[in-house]
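User: I would like to go through this structure piece by piece, with the terms spelled out as they come up.

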Amino acid sequence: NPAARSRPGAWGGSSSSAMQANGAGGGGQQQPPPPQGPAGPELGCLAAQNGEASSGSAAGEPLAHANGLLPSASAANSSGGGSSPGGLSVNNGVPAAGGPGSAAAELGGGGGGSALKKKKRLSQSDEDVIRLIGQHLHGLGLNQTVDLLMQESGCRLEHPSATKFRNHVMEGEWDKAENDLNELKPLVHSPHAIVLGIIVRMKFLLLQQKYLEYLEDGKVLEALQVLRCELTPLKYNTDRIHVLSGYLMCSHAEDLRAKAEWEGKGTASRSKLLDKLQTYLPPSVMLPPRRLQNLLRQAVELQRDRCLYHNTKLDNNLDSVSLLIDHVCSRKQFPCYTQQILTEHCNEVWFCKFSNDGTKLATGSKDTTVIIWQVDPDTHQLKLLKTLEGHAYGVSYIAWSPDDNYLVACGPDDCSELWLWNVQTGELRTKMSQSHEDSLTSVAWNPDGKRFVTGGQRGQFYQCDLDGNLLDSWEGVRVQCLWCLSDGKTVLASDTHQRIRGYNFEDLTDRNIVQEDHPIMSFTISKNGRLALLNVATQGVHLWDLQDRVLVRKYQGVTQGFYTIHSCFGGHNEDFIASGSEDHKVYIWHKRSELPIAELTGHTRTVNCVSWNPQIPSMMASASDDGTVRIWGPAPFIDNQDIEGKATSMYI
């Protein structure tokens with residue numbers, strides 16, 4: 001293409017002479033000086049965008065960008081009456097149809113182009129976009145396209161000094177790259193002391209790469225010279241220098257690469273080095289690496305974060321999404337629709353809990369039974385697996401062991417017994433009761449799966465093994481609900497003083513973590529141990545940050561009196577919160593929003609408990625005083641094509 005004939009490269013900014021790109025620059029006419037932009041000669045785009053020549057340039061002389069870079073071609077779309085070397089005027093790099101001067105005659109009626117209509121200068125944001133596109137195209141290897149884009153726009157990808165620096169780093173010419181730092185120093189607009197510090201850090205990174213490459217090549221003396229005479233005098237990061245000196249003992253290259261966690265001499269390690277070096281330079285000098293991809297990824301992540309119903313695994317790969325449309329998840333893809341109603345219980349259902357692996361659901365009822373349900377991995381339908389009988393007072397709380405092999409069942413306030421079941425065999429392993437006056441209403445497993453804690457409102461607080469043997473006890477704590485943290489030491493307990501305290505059974509210490517103004521009826525903890533979800537009497541559902549010990553959010557809508565209602569975290573990343581309610585509904589909130597995003601109807605009495613499947617984010621269960629357990633999932637659908645031809649789903 002004639003417009004790109006003598007372009008030295010997409011990353012460069014200078015050429016030996018002005019080219020006749022876009023019909024510009026011939027004829028030997030002296031051009032008038034352009035107005036200087038507010039950015040000055042260093043940062044601006046081409047001073048004369050699309051029709052203006054740079055200040056003081058004449059035919060045959062290099063035209064200067066307003067940002068100080070010599071272009072490889074003249075400013076776009078100006079006309080000097082000249083012709084390309086082939087005798088045809090060139091417009092946007094393509095020979096004009098009418099021969100010499102025809103483009104000028106058509107656009108300006110002759111006269112050497114004096115009547116040419118000048119195009120609007122590029123704004124700063126336009127220039128930024130062009131640079132981002134150019135960088136992305138360069139990464140794809142479309143260098144000629146980048147050349148044309150830069151010529152026509154009058155922009156540049158980076159400062160010429162940065163281009164030179166980049167090339168020297170990638171070619172391993174470390175002395176030249178070090179000298180390039182002197183040219184880059186004035187381009188770092190910071191106080192002098194800060195600039196010096198930046199240059200020292202950049203020099204350290206260069207010399208470190210130089211040192212490692214010498215070592216890999218077996219040039220130990222040269223590497224030692226770099227370490228002693230170049231790196232050490234910098235007096236920077238002496239701890240790292242000690243580490244580097246240890247690499248002298250490496251017996252072979254593979255050992256060096258492993259210990260240094262380094263890719264070895266070549267493009268990969270040098271590219272990574274450039275990425276680090278770039279962070280010290282302003283983007284006007286050198287663009288951050290893969291800037292366009294990073295911006296697009298951030299946009300996709302932001303759209304996902306703002307999507308109230310997003311409930312699928314996060315994938316940061318841009319190839320997994322369409323950049324042509326905004327991200328939207330439909331409510332119909334959310335577990336808002338009754339998939340199945342389980343009616344095998346013959347009285348109020350007080351509790352439900354999915355196993356940790358998501359393959360089973362346990363439900364406890366006033367009818368004295370625990371029912372274990374099997375989840376079909378394909379249809380997501382549940383079928384009765386086992387019925388565990390004999391809980392005379394009913395079952396108000398259930399806890400799965402970490403490996404899902406065991407299940408502990410508790411009763412209501414007047415129940416002094418606790419049942420430990422083997423889920424695989426359906427056999428009762430332990431029936432524990434310390435005293436007939438006890439009240440054991442809550443239980444939590446230690447992460448090791450070998451111990452559990454239990455307690456109740458009459459002052460019992462025990463730690464037991466799998467055979468029901470008492471290991472430890474804490475006197476005088478009236479327990480409402482329990483949870484074991486992942487450290488294996490701390491047990492959280494809500495008590496009758498409207499608080500949650502942390503108890504350490506090893507050193508027998510306790511501390512206050514959460515204080516509410518009303519009774520805490522139940523609580524649950526997020527997987528990462530950071531957040532606590534509380535059902536507070538007469539107040540509803542509260543979210544606490546346990547680390548900062550602050551109330552984060554109060555969720556609206558739910559009706560909560562003095563019944564014990566169990567809420568839960570759920571969905572991918574536990575982004576959602578669900579709770580039962582005394583108004584017969586199930587409420588779902590996005591964790592960041594106080595208003596519910598869904599109110600699920602179907603139950604006819606109080607909904608006591610909800611459980612979100614930890615492995616199937618689109619499945620949730622709810623247990624109610626109406627004697628049923630409802631399984632919630634997405635709306636049934638069939639694939640269809642909408643009128644725009646996009647793949648969608650038709651829900652029925």
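User: Which residue in strand 17 does Cys484 stand opposite?

Analyst: This is a predicted model, in which local features need pLDDT of at least 70 and side-chain atom pairs count only at pLDDT 80 or more, while totals for chains, interfaces and linings use all residues. Residues are numbered from 1 along each chain as its sequence is written, and side-chain values use heavy atoms, with hydrogens and water left out. Strands are DSSP runs of E with at least two residues, helices are runs of H or I with at least four, and both are numbered from the N terminus; two strands pair if DSSP finds at least two bridges between them. Strand 16 and strand 17 (residues 490-495) pair in the antiparallel sense over five bridges, and the residue opposite Cys484 is Val491.

User: Which strands are the edge strands of the open sheet with the order 16-17-18-19?

Analyst: This open sheet of four strands has antiparallel pairing, and its neighbouring strands are turned by 25 degrees against each other on average, direction ignored. Such angles come from axes that are lines fitted to C-alpha atoms, for helices over the stretch in contact, and they run from 0 to 180 degrees between N-to-C directions. The strands that pair on one side only are strand 16 (479-484) and strand 19 (509-515).

User: Why is one side of strand 20 and of strand 23 left without a neighbour in the sheet?

Analyst: The open sheet here has four antiparallel strands in the order 20-21-22-23. Strand 20 (520-525) and strand 23 (550-555) are left without a neighbour on one side because they stand at the edges, each with a single partner strand.

User: What is the bridge partner of Ile520 in strand 21?

Analyst: Strand 20 runs antiparallel to strand 21 (residues 531-536), and five bridges join the two. In strand 21, the partner of Ile520 is Val536.

User: Against which helix do the buried residues of helix 4 pack?

Analyst: In helix 4 (residues 143-153), Val146, Asp147, Met150, Gln151 and Ser153 are buried, a term for under 20% relative accessible area, with exposed over 50% and partly exposed in between (1.4 Å probe, protein chains only). Contact means heavy atoms within 4.5 Å, and the helix against which these buried residues pack is helix 3 (124-139).

User: How far apart do the end C-alpha atoms of residues 388-419 lie?

Analyst: The unreviewed UniProt entry places "repeat: WD" at residues 342-376, 388-419 and 600-632; its positions are in the numbering used here, feature names are shortened, and annotations may be inferred rather than shown by experiment. The span 388-419 is 0% helix and 38% strand, and its end C-alpha atoms lie apart by 10 Å.
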